[in-house]
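User: Please zoom in on one part of this model and talk me through it in detail, along with whatever surrounds it. Keep the cut-offs explicit, since I'd like to reproduce the numbers.

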Amino acid sequence: MRQQETSAYSVLISLFIVGFLLVLTAGVFHLVLKELYDSRARWQYLSAISGAEGAMELALFQIKEYGYGYIDNIESSINSKSIMLSGSPFDISQFKWAKDLLISYQINTKTNHYLGTLWPLKYEIIPLFYEDSIINNTQSLDLAITSPNTELAWNIVSRDTGLSGTGWFTTSSKGVLKTQASNTLSYAEQEIGQFLQHESQNYLIVFNSHPTDMLSYDVSSTSYFSYPKGEIISSWQIWSVKQNLKTQIDNTAYLDFLKYSIFSK
C-alpha cells in the first residue's frame with residue numbers, strides 16, 4: 001500500500017516538474033520571440049526614418065532642379081516611383097511588404113490664398129507663380145490688409161520693371177511703375193492687373209513699416225502662386241511601420257537679396 005502511495009507521489013512530482021519545465025520553456029521562448037519582434041521593429045523603424053529622410057532629399061533635389069515654386073508628389077500606393085528603392089524597382093509585381101520600402105512625398109508650395117503676419121520692420125517675399133512641367137504665372141491678384149493697413153509697403157518686381165505702393169490693393173488699383181531704359185530710371189502709374197498680365201515670374205514683396213505693431217495681410221487670387229514658406233511631407237513605409245517628416249521651405253530666405261533690388265533681374 002505504501003509502495004503505491006510512493007509511486008503516486010513520484011508520478012505527481014514528475015508531472016509537476018514536467019509542467020514547470022514546459023511553462024519555463026514557453027516563457028523563455030516567448031521572451032526570445034518578443035525580443036526578435038522588437039529587434040525587427042527597431043530595424044523597420046530605423047529603415048523607415050532613414051527612408052523618409054531620403055524621400056525628403058529627393059524632393060529637395062527636385063526643387064533644386066526646377067525651382068522653389070515647383071510642385072510634385074509621389075503617391076503612397078505601389079507605383080513605379082514609390083518602389084524605386086525596393087529590391088526589384090522595375091517590377092511592381094515583385095514588391096514585398098515584409099522587406100521592401102515604399103517611398104512617397106508631397107511638395108506643397110502652391111496656393112491661391114495666403115494669410116500672413118509680419119513682425120515690425122519685417123518682410124515676406126511671395127513668388128507669384130508656381131511650376132510643375134511649365135511655369136504658371138499669376139495673372140490676377142487681390143491683396144487685402146487688416147489693421148494697420150497704412151503701414152504695409154509692397155513691391156511687385158519682375159525682370160526689367162517694378163510696381164510699388166502702400167496699403168491694400170486690388171487688380172484695378174494703381175501703383176508706381178518703375179522702368180529702366182538706357183540706364184535711365186523712369187516712373188509712371190499703372191494698374192496692377194495690367195502689370196501682371198504683361199509681366200511674368202513676378203515676386204510680391206510685402207513689408208511692415210511700423211516700428212512696434214504687428215501687421216496681418218491676406219493674399220488671394222483666382223490664379224495660383226507659391227507660399228512664402230512651403231512644405232515637404234515625406235514618408236517611407238516598410239510592412240506596418242511608417243515614418244512621416246515635415247520640412248519647411250522658406251522662400252523668403254532664398255530670395256532675401258530681392259529686398260535690396262529695384263528689379264529681380
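Analyst: **From one helix residue to the open sheet**

S50 sits in helix α1, which covers residues 2–66; helices (H or I, at least four residues) and strands (E, at least two) are DSSP runs, numbered from the N terminus. This is a predicted model, so local features need pLDDT of at least 70 and side-chain atom pairs count only at pLDDT 80 or more, while totals for chains, interfaces and linings use all residues. Numbering starts from 1 along each chain as its sequence is written, and side-chain values use heavy atoms, with hydrogens and water left out.

S50 is partly exposed because its relative accessibility is 45%; here buried means under 20% relative accessible area, exposed over 50%, and partly exposed in between (1.4 Å probe, protein chains only). Along the chain S50 and W236 are 186 residues apart, but their C-alpha atoms are separated by 8.2 Å.

Now for the sheet. Six strands make an open sheet, ordered β3-β11-β7-β8-β9-β10, with antiparallel pairing. Two strands pair if DSSP finds at least two bridges between them. The edges are β3 (123–127) and β10 (184–191), each pairing on one side only. From one strand to the next, the twist averages 20°; axes are lines fitted to C-alpha atoms (for helices over the stretch in contact), and angles run from 0 to 180 degrees between N-to-C directions.

The part I'd look at hardest is β11. Five of its six residues are buried, so the strand is largely enclosed by the rest of the structure. Strand β11 (residues 203–208) runs antiparallel to β3, with five bridges joining the two. I125 has I205 as its bridge partner in β11, and I126 stands opposite L204. β7 also runs antiparallel to β11, this time with six bridges, and A153 has F207 as its bridge partner there. In a regular strand the side chains alternate between the two faces of the sheet.

I126 and L204 turn up again in the largest nonpolar core: of its 19 residues, I126, W154, I156, L204 and Y217 touch the most other members. A core here is a set of buried Ala, Val, Leu, Ile, Met, Phe, Trp, Tyr and Cys residues joined through side-chain atoms within 4.5 Å. β2 (102–118), β7 (152–157), α2 (192–198), β11 and β12 each give two or more residues to this core, and β12 supplies the largest share, four residues.

Just ahead of β3 comes L121, in the loop between β2 and β3. Its phi is near 65°, a positive value in a residue other than glycine. L121 is partly exposed because its relative accessibility is 48%.

Finally, the outside. I78, I92, W97 and W239 form a nonpolar surface patch with about 380 Å² of accessible area together. Patches are made of residues with over 30% relative accessible area and no salt bridge; like charges are joined within 9 Å, nonpolar side chains (Val, Leu, Ile, Met, Phe, Trp, Tyr) within 5 Å. Areas come from Shrake-Rupley with a 1.4 Å probe, and for residues only the protein chains shown count as cover. A salt bridge is a side-chain nitrogen of Lys or Arg within 4 Å of a carboxyl oxygen of Asp or Glu. W239 is in the loop between β12 (215–238) and β13 (241–250) and is partly exposed at 48%. W97 lies in the loop between β1 (72–74) and β2, partly exposed at 32%.
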